[in-house]
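Reader: I would like a close look at a single part of this protein, namely its charged side chains and the way they pair. Please take it slowly and set that part within the rest of the fold.

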Amino acid sequence: MRTRTKGISVDAGGERKVDKQYKGQRIFARLGTVSQEDAEAWLRAEQAAIDRQQAQRPQHYFLDAADRYLDEKEKEGEKQYDYANAHLAKILPYIGTKLIETIHSGSFDKFKADRMTPAGGIKGVTPATVNKTLEVVRAILIRAARVWRNEDGTPWLVSAPLIEMLEHKNPRRAYPITWEEQSMLFNELPPHLERMALFAVNAGTRDENTCGLRWDWEQRFPELGRSVFVIPAGEYKSGRHHVVILNDTAQAVVDGQRGKHSTFVFPYRGERIQEMGNNGWKQARERAKLSQVRVHDLRHTYATRLRNAGVSEEDRALLLGHSIKSMPQHYAAGTVEHLVEQANKVELTRKRMTILRVVNG
């Protein structure tokens with residue numbers, strides 16, 4: 001049962017417990033049968049200790065973090081930089097002068113309202129558009145907590161806050177494609193997008209991870225004659241690193257990309273592709289009469305084929321990058337070999353051979 005102080009509760013036996021988030025840190029303790037006043041005093045002392053600790057740490061404003069993030073994006077290519085810069089230009093007037101440790105989900109309430117409210121005859125933007133900006137902010141705060149370090153080795157941010165995204169009023173349902181639809185769509189795609197789509201539907205990667213896949217994330221297993229890609233936590237949606245397992249088709253696509261770019265696996269005209277769902281994708285799906293298919297449906301297709309092939313729920317979770325606390329995040333050769341066998345089972349669901357000209361093209 002809650003008490004008059006948020007974060008302090010008392011059970012039926014009169015024992016008090018403290019469980020409170022304070023400035024990015026969790027304060028937790030079972031205090032036993034102490035009085036409410038003693039529990040509050042203990043909590044104040046813990047909060048004061050955190051205050052003293054954080055007062056000694058270097059402080060960073062969100063504007064500082066945005067500048068560092070843009071510096072990193074500039075090295076990845078002009079389009080990547082322009083995308084981040086465009087979204088940051090919208091959010092900086094709201095949180096640019098805030099210390100990153102003070103930012104929380106409520107910090108974006110006015111931004112959300114302003115962006116979605118019609119003004120001057122201009123229609124407000126959709127929740128999906130607002131979420132794209134929030135995703136850039138989330139990526140920055142995750143890097144501040146998990147990657148960037150002060151001179152003394154401490155992180156810029158103790159922990160990244162949970163940023164709540166806006167719900168879509170009419171979310172589109174997942175649309176796993178059939179093998180026949182895959183053939184129809186892929187044969188209409190430009191060659192560079194076809195290779196990326198073929199990889200995604202055989203590795204289950206999200207759009208941003210397919211576009212941003214880097215050669216320095218590759219980990220070779222010579223004894224198996226193949227690779228995996230370890231996506232860093234700061235680049236993955238859940239904030240954890242993810243091992244991308246390549247089945248035979250995905251491995252063939254990757255091998256065909258070697259030597260095309262020093263940094264990115266799937267470049268286009270020497271640069272990183274910003275997103276697969278561009279005009280080339282949209283025009284191809286119209287020609288294939290599959291206008292309902294989104295890039296993310298490739299991941300849904302992979303997941304559906306794994307399930308239909310009888311791959312266990314635990315192995316599907318590992319292949320798709322879902323959180324499994326009981327499993328290691330870096331795998332030994334034996335584990336990789338097993339997961340490759342499971343990933344190759346998607347071929348069991350094939351009704352007929354699809355023309356995969358990109359593997360040899």
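Author: In what follows, Lys and Arg count as positive and Asp and Glu as negative, while His and the chain ends are not counted. On that basis the protein, which is a predicted model, carries 56 positive and 46 negative side chains, and the centres of the two sets lie 4 Å apart.

The setting for these charges is a chain of 361 residues, of which 46% count as buried, and its secondary structure comprises 14 helices and eight strands. The C-alpha atoms fill a box of roughly 75 × 55 × 45 Å along the principal axes, and the accessible surface comes to about 18900 Å², with 49% of it belonging to carbon and sulfur atoms. Among contacts between residues at least 6 apart in sequence, 63% join residues at least 24 apart.

A search of the whole structure finds 14 salt bridges, and three of the pairs can be taken in turn. The pair Lys 110 and Asp 114 forms a salt bridge in which the closest N and O atoms are 2.7 Å apart. Both residues lie in helix H4, which spans residues 109-116, and they are four residues apart, or about one turn of the helix. An α-helix has 3.6 residues a turn, so residues three or four places apart point the same way. Lys 110 counts as exposed because its relative accessible area is 54%, where the cut-off is over 50%, whereas Asp 114, at 34%, counts as partly exposed.

Asp 255 and Arg 258 form another of the bridges, with their closest N and O atoms 3.1 Å apart. Here both partners are partly exposed, Asp 255 at 38% relative accessibility and Arg 258 at 35%.

In the pair Glu 347 and Arg 350, the side chains meet in a salt bridge with an N to O distance of 2.9 Å. Glu 347 counts as partly exposed at 31% relative accessibility, but Arg 350 has a relative accessible area of 14% and is therefore buried, since buried means under 20%. Elsewhere, salt bridges that share partners join Glu 218, Arg 220, Asp 255 and Arg 258 into one network, and the Asp 255 to Arg 258 contact described above is a salt bridge between two of its members.

Charges that gather without such pairing deserve a separate word. Asp 64, Asp 67, Asp 71 and Glu 74 form a patch of negative charge on the surface. Residues of a patch have no salt bridge and have over 30% relative accessible area, and Asp 67, one of the four, is partly exposed at 40% relative accessibility. Asp 67 is placed in helix H2, which covers residues 62-76.

For a contrast with these surface charges, one can turn to helix H13, residues 333-343, where Ala 333, Val 336, Leu 339, Val 340, Gln 342 and Ala 343 are buried. The cover over the buried residues of H13 includes strands S4 (218-221), S5 (226-231) and S6 (242-245), together with helices H11 (297-308) and H12 (313-320).

Helix H11 is listed in that cover, and a loop residue, Pro 176, touches Asp 297, His 300, Thr 301 and Thr 304, as well as Glu 181. Pro 176 sits in the loop between helix H5 (127-146) and helix H6 (179-186), and it is partly exposed at 33% relative accessibility.

Key:
Residues are numbered from 1 along each chain as its sequence is written. This is a predicted model: local features need pLDDT of at least 70, side-chain atom pairs count only at pLDDT 80 or more; totals for chains, interfaces and linings use all residues. Side-chain values use heavy atoms; hydrogens and water are left out. Helices (H or I, at least four residues) and strands (E, at least two) are DSSP runs, numbered from the N terminus. Buried means under 20% relative accessible area, exposed over 50%, partly exposed in between (1.4 Å probe, protein chains only). Contact means heavy atoms within 4.5 Å. Accessible areas come from the Shrake-Rupley method with a 1.4 Å probe; for residues, only the protein chains shown count as cover. The place of a charge is taken as NZ of Lys, CZ of Arg, CG of Asp or CD of Glu. Patches are made of residues with over 30% relative accessible area and no salt bridge: like charges are joined within 9 Å, nonpolar side chains (Val, Leu, Ile, Met, Phe, Trp, Tyr) within 5 Å.
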